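Good morning. Please have a look at the fold on the screen, and I will go through its sheets, one strand and some cysteines.

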Amino acid sequence: MVNTKNPAKKTVKKKTGLLGIMVADAKVQKAVLARYARYNTTKMRLFSFTPSDIDWERKKITGLHRIDRNWKKGLFPFPDIIYNRCYEVNEDLIDRLEAVMGKNKCFNHINHLNKYEMYGHLSQSLDAFLPETIPYDKKTAADFLTAHKLLYLKPCLGNKGQGVYRVEMKESGQIHIGEHHVQSLFIAQDLSQFLEKMDEYLGSTPYIIQQGVNVRTLVDRVFDIRVLVQKNRAGLWSVTSAVSRVSYSGCFNTSLFEHMYATQDFLQYLYTPEKAQALMLSIHDVSLKAAECIETYGSLHLGELSVDLALDCDDRPWIIEVNGKPQKNLYKHFESYGTAYKLPLEYAHFLRNRPS
């Protein structure tokens, strides 16, 4: 049971290093900290806290930690490193923290990524692997649909496939609009009716338009490849895991998946072992380059992200989107689960010991 009534008056010392894991909600502090603590192979001491736990005047943080097999609240100095697990956090907060702690002492400082900004960063080096993407407005939407016939409209700051629309122009000229499912939510008879309906659906939310890719399917079911890319103990990007999510029948949103497999095994079901291995090498290479591009061109300090890819009918990998706060529960039944939690701590240890 967590003792939250009387935080320790004595400040916990840094000793061999102190890592603060910043979360958005006090309700998840214990669960988040417990998962990371289980895989902590460093000598750094861990605690979790929320932004509201920061005492700026005293430069102290009230955080949750485990001591003598009990979960307790303690008073901590500003840690050596902060690992941000808040999905939406004010950049000013990170700047203020690093003004006290030092530059680049907080990683994953921005993890709610803008899809159009990410497209711009990725296109610097990976244009050949990106569906053409533009900001949504009425004229470009009409022109884009006429040119490509199949589009996906996505909120710039969306996640988990929420608010994504699939738009297909048929040979008849009818325009089929679907949400989550290929089956039509609405059928527009012409471009004018299509644009009128999209105004109703999208409102004032900023959207992107992404060219549709003719993706390979498994028995008419869409699948994707989610690659978890993390920095390791040497501060270098590495691939931790790749899993393939197979959607429900008639559903294009792989966030609503029916089955999930290790991608290496999944590809061997579809291809020869040699072809599967070649594809895996290509997928790893593209994913690592994606992480490097986003960090470099976006001027972001990241320790992890996930890259969603799809294969077209010519077996070419396409980057569909990237996610700044990977869902680690996806790997619960895979060997990589522990590594997914261990590597951010090892990267934090690297940052602490890196010469200034």
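**Sheets, a strand and cysteines**

Six strands form an open sheet, in the order β8-β13-β9-β10-β11-β12, and their pairing is antiparallel. This is a predicted model, in which local features need pLDDT of at least 70 and side-chain atom pairs count only at pLDDT 80 or more, while totals for chains, interfaces and linings use all residues. Residues are numbered from 1 along each chain as its sequence is written, and side-chain values use heavy atoms, with hydrogens and water left out.

Some terms first. Helices (H or I, at least four residues) and strands (E, at least two) are DSSP runs, numbered from the N terminus. Two strands pair if DSSP finds at least two bridges between them.

Which strands are at the edges? They are β8 (133-135) and β12 (186-188), and each pairs on one side only. On average, neighbouring strands of this sheet are turned by 25 degrees against each other, direction ignored; axes are lines fitted to C-alpha atoms, for helices over the stretch in contact, and angles run from 0 to 180 degrees between N-to-C directions.

Within the sheet, β10 (residues 165-169) and β11 (residues 175-179) run antiparallel and are joined by five bridges. One bridge pairs E168 with H176 in β11. Helix α3 (residues 115-126) packs on the sheet and touches β8, β9 (150-155) and β13 (207-211); contact means heavy atoms within 4.5 Å. The direction of α3 makes about 135 degrees with that of β8.

Now to β1, residues 18-22. Five of its five residues are buried, where buried means under 20% relative accessible area, exposed over 50% and partly exposed in between (1.4 Å probe, protein chains only). L18, G20 and M22 point one way from β1, and L19 and I21 point the other way.

Which strands does β1 pair with? One is β2 (residues 45-49), in the parallel sense over five bridges, with G20 opposite F47. Another is β6 (residues 81-84), also parallel, over four bridges, and there M22 stands opposite N84.

β1, helix α1 (residues 29-38) and β2 make a right-handed β-α-β unit. Right-handed means that, with the strands pointing away from the viewer, the path from the first strand over the helix to the second runs clockwise.

Last, the cysteines. The structure holds zero disulfides, a disulfide being a pair of cysteine sulfur atoms within 2.5 Å. For C86, the nearest cysteine sulfur is that of C106, 9.0 Å away. C86 is buried, at a relative accessible area of 2%.
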